[in-house]
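Student: Please take one part of this structure and walk me through it closely. I would like to look at unusual backbone geometry.

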Amino acid sequence: MAGQLAGVVGIGQTRHAAIRGDVSVAGLIREAVFRALDDAHMTMADIDAVVIGKAPDFFEGMMMPETYLADAIGAVGKPLLRVHTAGSVGGSTAIVATSHVEAGVAERVLTIAWEQQSCSEAMWALSFPIPFQQQLVAGAGGYFAPFIREYMRRSGAPEDIGILVALKDRLNALKNPYAHLHEPDITYDSVKESFMLWEPIRYSETCPSSDGAIAMVIAGEQAAEASAAASGNRPAWIRGTSMRSEPAMANGRDQVSPQAGKDCAADVYRQAGITDPRGQIDVVEMYVPFSWYEPMWLENLGFAPEGEGWRLTEQGVTQMDGDLPVNCSGGVLSTNPIGASGMLRFGEAAMQVRGTAGDHQIDGARTALGQAYGGAAQFFATWVVSADKP
Amino acid sequence: MAGGSAGSRDVAIVSVAQSTHERAKVATNEVELIQPVIQQALEQIGATIADIGFVCSGSTDYLAGQAFSFVMTLDAVGAWPPIAESHVEMDGAWALYEAWVKIQAGHADTALVFSYGKSSPGDLPNVLSRQLDPYYYQPLWPSSVGLAGIQARAMIDGGAITERRMAEIAYASRTAAANNPFAQLRSSAAVDDLLAEPYLSDPLRRHDCAPISDGGVAVVLATGDAAARWADRPAWIRGIDHRVDGHNFGARDLTVAPSAALAGQRAGVGDDKVDVAELHAPFTHQHQMLVDAFGLGDGTDVNPSGGALAANPMMAAGLLRLGEVAGRIMSGAADRGVAHATSGHLLQQNLVAVLEGA
């Protein structure tokens with residue numbers, strides 16, 4: 001059984017920064033919410049349900065903050081659902097919102113993802129203390145660096161692939177007015193010379209810690225077309241959604257290219273009728289918090305054979321003028337409010353097929369993939385959006 | 001809205017399992033607490049995780065004292081090979097709602113839903129004060145019991161309840177729990193003796209408050225063929241809805257829960273007789289508020305399990321209410337029941353489900 005058709009008709013994000021000290025948590029979120037509602041030509045009164053996501057509550061020191069936010073996000077008297085699936089949460093939240101429309105329980109859903117990381121020190125929140133886990137690493141980079149080294153060993157990739165990814169994403173971010181990092185002077189050499197954080201991840205190859213939020217309006221077919229007629233921007237029709245999870249530790253688990261990621265991609269491609277991802281998908285927004293994850297996910301998502309993803313990066317295929325542009329927004333490497341980062345990928349993918357991405361728009365983009373991952377590379381969320389109604 | 005609170009597919013609860021609920025399960029962590037419960041929910045219908053199309057859980061990091069605490073709990077599911085899975089930072093009743101939506105959307109035909117909470121490691125009334133407006137309320141550290149006292153006082157002053165009626169609710173809940181082997185508090189002193197006790201937070205006495213509990217619950221949802229295969233008498237979800245009220249407690253009437261009444265109305269509570277109701281009321285005065293909101297009469301057996309006043313594992317106590325009603329329908333003891341779950345302080349957010357045996 002197929003659910004009802006759903007489309008993205010409104011997208012709004014905040015200006016992202018290391019510290020958004022000018023706004024409260026509610027103020028930060030409302031900045032994104034009203035941009036999304038304006039984009040959809042709707043008001044809060046038009047919304048049937050609100051689905052909100054963020055990463056750990058400890059980042060802000062607020063337990064289940066959506067109860068406090070209910071008034072500010074227009075949820076009073078409506079269903080309000082809070083999703084938390086680790087780093088993939090922004091993607092998962094958008095998918096849960098989509099399911100509400102597909103299920104016919106709501107016609108217009110407001111979905112929000114946010115993080116105000118300046119309230120705390122995320123790196124230590126990501127370093128689990130004894131007795132929960134052996135004290136092995138500091139931060140997410142410390143956790144993922146060994147898997148990157150294993151990828152380099154297996155694939156024989158040149159050592160500067162990560163530098164190329166970081167340089168590309170940070171240059172792309174210059175075209176995105178909302179991005180956190182704007183580094184006009186960045187060069188190959190400046191990335192290469194930046195200090196080593198977790199071998200082989202350099203400072204300029206790692207994501208920043210950001211305050212920010214994104215909101216989207218997802219609507220059923222009729223409401224989406226009415227909104228599009230009012231706004232003049234076509235909906236991003238949601239052609240497939242998928243979530244997959246696997247344990248942090250399991251015998252035989254491959255943390256370089258996790259099975260859950262492959263299953264998630266296969267599932268979303270099946271729904272969207274995609275048999276040749278490289279040929280059929282025009283633009284990709286994927287979750288690359290550390291530069292080397294671009295070639296790793298290119299393989300995991302089926303854009304390149306195993307061990308060959310780095311060649312796409314090296315050949316410039318993933319640049320904005322390549323035939324498979326990846327992270328034209330600047331990606332997680334340029335903006336990382338953790339709980340929102342996944343939805344930013346989903347939203348940027350939708351912006352591309354709606355033709356509303358501004359200076360980082362890929363001309364003629366019709367079909368886009370949004371991907372997010374989280375935990376110990378164990379939680380995956382993907383969607384495929386298209387300018388073409390199925 | 002096409003599907004609304006009734007949905008377009010028939011979905012039923014077909015299996016329920018729970019742990020015992022205790023003041024402190026010191027010997028088990030969250031994974032060890034919930035793994036046997038999940039296993040039982042699957043085994044008693046002859047299912048394995050491979051038969052499940054979607055998994056959703058509910059928990060909060062603020063009980064575990066650790067960011068991403070639910071990640072470890074995935075180990076209790078057996079998520080290998082990988083599974084379709086999600087998590088809400090809410091009571092498990094909302095995890096069930098997400099799973100129900102997923103099934104209504106056609107993405108799955110079966111679902112495993114579970115939730116758990118260990119409140120024992122922390123000072124719960126103070127921990128819960130962190131679930132408040134961070135700028136105006138949190139700095140004052142108002143405890144959950146202190147806030148509830150303000151609400152109870154407003155109800156008493158408004159003539160909606162008396163301290164004696166509150167003691168009667170406490171007595172009825174805990175004596176009913178004598179028949180519930182999983183409950184934490186299974187007996188009560190006489191009402192007059194309860195009223196002779198000192199105040200904990202005026203006008204609340206200790207008996208007016210839910211106990212602090214560690215525990216968990218798991219249920220299996222199924223539609224169509226799977227429901228028929230797994231249960232002789234599935235507990236069909238005929239309506240389910242949830243709503244939230246505003247957070248600014250100074251700006252709303254604390255003696256009523258409009259979101260509970262609205263969710264109950266949309267779920268269809270009043271459309272037919274109600275044989276049994278399980279209400280998630282952590283305080284005696286809230287029990288009365290919910291009975292009034294749903295218009296429950298003498299023909300309804302309210303909280304035969306003892307309710308949250310007999311066992312209140314945070315994040316699980318709401319899903320437990322759905323499980324308790326489903327259990328009574330599956331056993332044939334009831335034909336139509338209402339389950340309620342709440343989240344936040346002072347019944348701010350509420351979910352209502354109507355379950356039927358046919």
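**Unusual backbone spots**

Tutor: Start with Ala86(A), which is found in the loop between E3 and H3 of chain A. Keep in mind that this is a predicted model. Phi of Ala86(A) is near 65 degrees, a positive value, and the residue is not a glycine. Most residues other than glycine have a negative phi. Is Ala86(A) buried or exposed? Count its neighbours: 25 C-beta atoms lie inside 10 Å. A residue with 20 or more counts as buried, so Ala86(A) is buried.

Now look at Met64(A). Its loop runs between strand E2 (49-53) and H2 of chain A. Met64(A) also has a positive phi, about 45 degrees, without being a glycine. Met64(A) is buried too, with 24 other C-beta atoms within 10 Å.

The elements that follow these loops also matter for the contact between chains. Helix H2 (66-69), strand E3 (80-83) and helix H3 (89-103) are among the elements of chain A that each supply at least two residues to the side touching chain B. H3(A) gives the largest share, 6 residues. That side holds 29 nonpolar, 15 polar and 10 charged residues.

Next come the peptide bonds. Most peptide bonds are trans. The bond from Glu199(A) to Pro200(A) is cis, with omega near 5 degrees. Pro200(A) sits in the loop between strand E5 (196-198) and strand E6 (201-202) of chain A. In chain B, a cis bond joins Asp202(B) and Pro203(B), with omega about 10 degrees. Pro203(B) lies in the loop between strand E5 (199-201) and strand E6 (204-205) of chain B.

Technical notes: Residues numbered from 1 in each chain as written. Chains lettered and ligands numbered in written order. Predicted model: local features only at pLDDT ≥ 70, side-chain atom pairs only at ≥ 80, totals over all residues. Helix = DSSP H or I, 4+ residues; strand = E, 2+ residues; numbered from the N terminus. Nonpolar A, V, L, I, M, F, W, Y, C, P; charged D, E, K, R; others polar. Buried ≥ 20, exposed ≤ 12 C-beta atoms within 10 Å, placed from the backbone.
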